[in-house]
Structure formats: structure tokens, C-alpha cells
Amino acid sequence: MEERMFLLEKYASLGQIAAGIAHELNNPLSGMLLIVKELQKDNLSTEEKLQYLSLLYEGMLRVQSILRELLQFSRAEEVKAETIDLVDVLEKSLGLISHLISKNGVELKKDYESDRIWVKGDAKKLGQVFLNLILNAIQAMEADAQKSLTIKVKAEREHAVVSISDTGPGIPEELKLKVFEPFFTTKPPGQGTGLGLTVALAIIQKHQGDLWFETSSSGTTFYVKLPLAKQNKNEA
Ligand SMILES: Nc1ncnc2c1ncn2[C@@H]1O[C@H](COP(=O)(O)OP(=O)(O)OP(=O)(O)O)[C@@H](O)[C@H]1O
Ligand SMILES: [Mg+2]
């Protein structure tokens, strides 16, 4: 139960953090733009110019301190490298949104190659990635009569690959490069911040993994590839 609260809170706060950062940066920037406009006028006295310049300097200091805070935040966000069971992580993420899956009438199919697949990584962060991808899949099928979500886990030689497939409308050609961009969303205001895939990609890259998708008009599959932990070999 505690685990559930933590993950959900964390997911919700991502968008809030981003909105906060954008707002924080926008304030001093808007101020500085106005000052530059004033400085471009040619009837200013030297005294006025100096005053404007000192305001500009203050704005820049403010931006610098926000960026400093942000950097600290990102350092604190280092991922752990523990030996964890990918199937367990996936099942926990699914558990968190099982109510959404049934409420939306989504048929769930699972195909796990084995009961336990050990990878090196951060269970909480990977859980967040799967949550983002599964939520996207469910949201993509919202308007469809027939909704099917298929989750597969395979172990290859050095890597585990998780695939999350939906039967939604697919990602249009012109958006394929955009979906990983921060704040890119096609969802109505208030429903998506456009950070889900950005955050997912950042987390997977920190795991020395890969995140990509295949899409057509009959659906989309997102793939997550992660390095296997040595433990799998001992079990075999
Ligand atoms: N499975 C999918 N099928 C179709 N389109 C998708 C799928 N996954 C993502 N997208 C597209 O990519 C966009 C960006 O996804 P992303 O998860 O980054 O943000 P979001 O879902 O819009 O908002 P957030 O995840 O921050 O709540 C989505 O708005 C949607 O247009
Ligand atoms: Mg999303």
C-alpha cells in the first residue's frame, strides 16, 4: 500500500515540477525582455540605462540560481544499480493501474518468457517508465471500441526486452520525432504535460538501455531494452 502511494505521488509530481520550472523561468525572462525593449529606445539618459542594466543583471542572476537548483535536482536523481526482477517491476506497475485497465474495458494479454528476469537497475524508476508507457497505451485506445494491451518480456543474450503494444490509432508520421520532446503532447490542456516519454527515455538511457517504438494505423508497440544482470546465467 505504501509503495502504491509513493509511485502515484511521484508520477503526479513530475508534471507539477516541470510546470513549476517553466513558470519560474518565464517570470524573470519576461521581465528581461521588457527591459531590453526599453534599452533599445534612444532617448535614455546614462542614469536610466544603468538602472535598466542593473535590473537585467538581477534577472540573469535569478535565472542562474533556478538553473543551479535544477542541476542539483538532477544529480539527486541518479538511478540505483541493484539486481532486480523485471517481471516483478512490471507486475507492480500493472497493479497500480489495473483499475484503469478494467474501467476502460481494455483486454490485457501477457506473454512473459520466464517468471523472473534479472536486470541491473532502479526498480522505482523503471516502474515509473512502465507506468508511463502503459498509461499512454490505454489513453491511445480511449476512442476505440476494441481495446487490447499486450505486454511481453523476453530475455536475449545480454538484454531483456519488454514490449508494450496497443491497438490504438498509431503515431502519425509527422509526430514520430516529436513524441520524446519535453512538453510535447496531443492531449487536451490539463490532461497531459508531455513529459511521460521524455522522462522514460532519460531513465532508460541512465540504465544503458534503449527505448523505441514501432507504429502503424493498427497500433503502437513501445520497446524497452535493458542490460541483464549476471544472476540470470547462474539460474540457467
Ligand atoms: N501508445 C501511443 N499511441 C499513440 N500516441 C502515443 C502513444 N504514446 C505516446 N503517444 C503520443 O506521444 C505524445 C507524448 O507522450 P508523453 O507520454 O510524453 O506525454 P503525454 O502522455 O501527452 O502527457 P504525460 O505523459 O506527461 O501525462 C502523446 O501526447 C501522444 O500524442
Ligand atoms: Mg504520457
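Is Asp85 buried or exposed, and what is its relative accessible area? Asp85 is buried, at 8%. The views below are taken from a predicted model.

**Figure 1. A salt bridge joins Asp85 and Arg116.** The closest N and O atoms of this pair are 3.5 Å apart. Asp85 belongs to strand β1, residues 82-85. Arg116 sits in the loop between β2 (107-112) and β3 (118-121). The pair therefore ties together parts that are 31 residues apart in sequence. The two partners differ in burial class: Asp85 is buried, whereas Arg116 is partly exposed, with 45% relative accessibility. The structure holds five salt bridges, counted over the whole model.

**Figure 2. Asp88 and Lys92 form a salt bridge within helix α3.** Their side chains meet at 3.2 Å, N to O. Helix α3 covers residues 86-96. The two residues are four apart in this helix, so about one helical turn separates them. Asp88 is partly exposed, with a relative accessible area of 35%. Lys92 is also partly exposed, at 42%.

**Figure 3. Lys176 pairs with Glu173 in a salt bridge.** The closest N and O atoms are 3.0 Å apart. Lys176 has 28% relative accessibility and counts as partly exposed. Glu173 reaches 59% and counts as exposed. The cut-off for exposed is over 50%, so Glu173 falls in that class.

**Figure 4. Five strands make an open sheet with mixed pairing.** The strand order is β2-β4-β5-β7-β6. The edges are β2 and β6 (210-216). Each edge strand has a single partner, so one side of each is left without a neighbour in the sheet. From one strand to the next, the twist averages 15°.

**Figure 5. β2 and β4 run parallel.** Strand β4 spans residues 148-155. Six bridges link β2 and β4. One residue pair can be picked out here: Lys109 has Thr150 in β4 as its bridge partner. Thr150 is buried, with a relative accessible area of 17%. The cut-off for buried is under 20%, so Thr150 falls in that class. Beyond its neighbours within four places in sequence, Thr150 contacts Lys109, Ser163, Ile164 and Ser165.

**Figure 6. Helices α3 and α6 pack on the sheet.** Helix α3 lies across β2, β4, β5 (159-166) and β7 (219-227). The direction of α3 is at about 170° to β2. Helix α6, residues 196-206, touches β6 and β7. Its direction makes about 135° with that of β6.

**Figure 7. Phe180, Phe213 and Phe222 form one aromatic cluster.** The structure holds three aromatic pairs. In one of them, the ring centres of Phe180 and Phe213 are 6.0 Å apart. Their planes stand at 35°, so the pair is tilted. This pair links distant parts of the chain, 33 residues apart. Phe180 is in the loop between β5 and α6, and Phe213 is in strand β6. Phe213 is buried, with a relative accessible area of 16%. Phe213 also pairs with Phe222, at 5.1 Å centre to centre. That pair is tilted too, with 45° between the planes. Both Phe213 and Phe222 are buried.

Note on methods: Residues are numbered from 1 along each chain as its sequence is written. Chains are lettered from A and ligands numbered from 1 in the order in which they are written. This is a predicted model: local features need pLDDT of at least 70, side-chain atom pairs count only at pLDDT 80 or more; totals for chains, interfaces and linings use all residues. Side-chain values use heavy atoms; hydrogens and water are left out. A salt bridge is a side-chain nitrogen of Lys or Arg within 4 Å of a carboxyl oxygen of Asp or Glu. Buried means under 20% relative accessible area, exposed over 50%, partly exposed in between (1.4 Å probe, protein chains only). Two strands pair if DSSP finds at least two bridges between them. Axes are lines fitted to C-alpha atoms, for helices over the stretch in contact, and angles run from 0 to 180 degrees between N-to-C directions. Contact means heavy atoms within 4.5 Å. Rings of Phe, Tyr and Trp (its six-membered ring) pair if their centres lie within 6.5 Å; planes under 30 degrees apart count as stacked, over 60 as edge-to-face and the rest as tilted.
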